[in-house]
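Student: I should like a close look at a single part of this model, namely the cysteines and their surroundings. Please give one connected account.

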Amino acid sequence: MQKIVMVCLGNICRSPVAEGILRHKANQHGLKITIDSAGTSSNHEGENPDRRSQANAKKNGVDISTLVSRPFTIKDFDAFDKIYVMDASNYRDVKALARNANDIAKVEMILNLVYPGSNKAVPDPYFGGEEGFQQVFELLDTACDRIVEQLSTKY
Ligand code: 4NP
């Protein structure tokens, strides 16, 4: 079974939305995958997703209200097959914990699924308005469609 972890900075805005969307789509397609999310910082450890992320996801039909922030750790390289990060600083922070080339090979900027090789970021919506949360949802929704397509043809 494929195991995927979504990673952002705080694990309260972007990566919980990615986790929720992918779980929703996997359920819809009857795909059995393990999905989790984590933050490169532990500043929000133990917190539920940001209220604005929860509300926006709910508006789009995805419930992330029960998710809880946790920090990314080295053990995650063993526990997961694929580590999708939201931006270049997440990529640097995760890569800094990698022990070998196998660990590094698991890490990918999530929007490279949609725009291959472009290293585009899922913009951090934390300091912005509601439109930023909707933009994040739409970008991640498209990226998660690619993941489901990939896994559907593989298994
Ligand atoms: P996230 O967003 O990385 O998408 O969860 C952020 C959450 C918190 C902060 C920044 C970004 N912060 O500065 O506290």
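Tutor: Cysteine 13 is buried, with a relative accessible area of 5%. The model is a predicted one, and in it cysteine 13 takes part in no disulfide. The nearest cysteine sulfur to that of cysteine 13 belongs to cysteine 8, 7.1 Å away. A disulfide is counted here when two cysteine sulfur atoms lie within 2.5 Å, and by this rule the count comes to 0. Cysteine 8 is likewise in no disulfide, the nearest cysteine sulfur being that of cysteine 13. Cysteine 8 has a relative accessible area of 2% and is therefore classed as buried, the limit being under 20%.

Both cysteines belong to the surroundings of the ligand, which also include Leu9, Gly10, Asn11, Ile12 and Arg14. Further residues around the ligand are His44, Asp124, Tyr126 and Phe127. Backbone atoms from this group approach ligand oxygen atoms. For leucine 9, a backbone N or O atom lies 2.9 Å from an oxygen atom of the ligand. A polar backbone atom of glycine 10 is 2.8 Å from a ligand oxygen atom, and for a polar backbone atom of asparagine 11 the distance to a ligand oxygen atom is 3.2 Å. On its own the ligand has 360 Å² of accessible area, of which the protein covers 88%.

Arg14, one of the residues around the ligand, is also in contact with leucine 140. Leaving aside neighbours within four places in sequence, leucine 140 further contacts Val17, Ala18, Ile21, Met86, Ile110 and Val122. The largest nonpolar core has 30 residues, and leucine 140 is one of those that touch the most other members, together with Ile4, Met6, Leu22, Met86, Ile110 and Ile147. Strand 1 (3-8), helix 1 (14-29) and helix 6 (130-154) are the elements that give two or more residues to this core. Helix 6 supplies the largest share, 9 residues. Apart from this core lies another, of 11 residues, with Val5, Ile83, Val85 and Val107 among them.

Helix 1 also holds histidine 24. This histidine has 35% relative accessibility, so histidine 24 counts as partly exposed, a class that runs between 20% and 50%. Not counting residues up to four places away in sequence, histidine 24 touches Gly61 and Val62. Between histidine 24 and glutamine 135 the separation is 111 residues in sequence and 18 Å in space, C-alpha to C-alpha.

Definitions and conventions: Residues are numbered from 1 along each chain as its sequence is written. This is a predicted model: local features need pLDDT of at least 70, side-chain atom pairs count only at pLDDT 80 or more; totals for chains, interfaces and linings use all residues. Side-chain values use heavy atoms; hydrogens and water are left out. Buried means under 20% relative accessible area, exposed over 50%, partly exposed in between (1.4 Å probe, protein chains only). A nonpolar core is a set of buried Ala, Val, Leu, Ile, Met, Phe, Trp, Tyr and Cys residues joined through side-chain atoms within 4.5 Å. Helices (H or I, at least four residues) and strands (E, at least two) are DSSP runs, numbered from the N terminus. Contact means heavy atoms within 4.5 Å. A residue is near a molecule or strand if one of its heavy atoms lies within 4 Å of it. A polar contact is a pair of N or O atoms within 3.5 Å; within protein, one must be able to donate a hydrogen and the other to accept it, and residues adjacent in sequence count only if both atoms are side-chain atoms. Accessible areas come from the Shrake-Rupley method with a 1.4 Å probe; for residues, only the protein chains shown count as cover.
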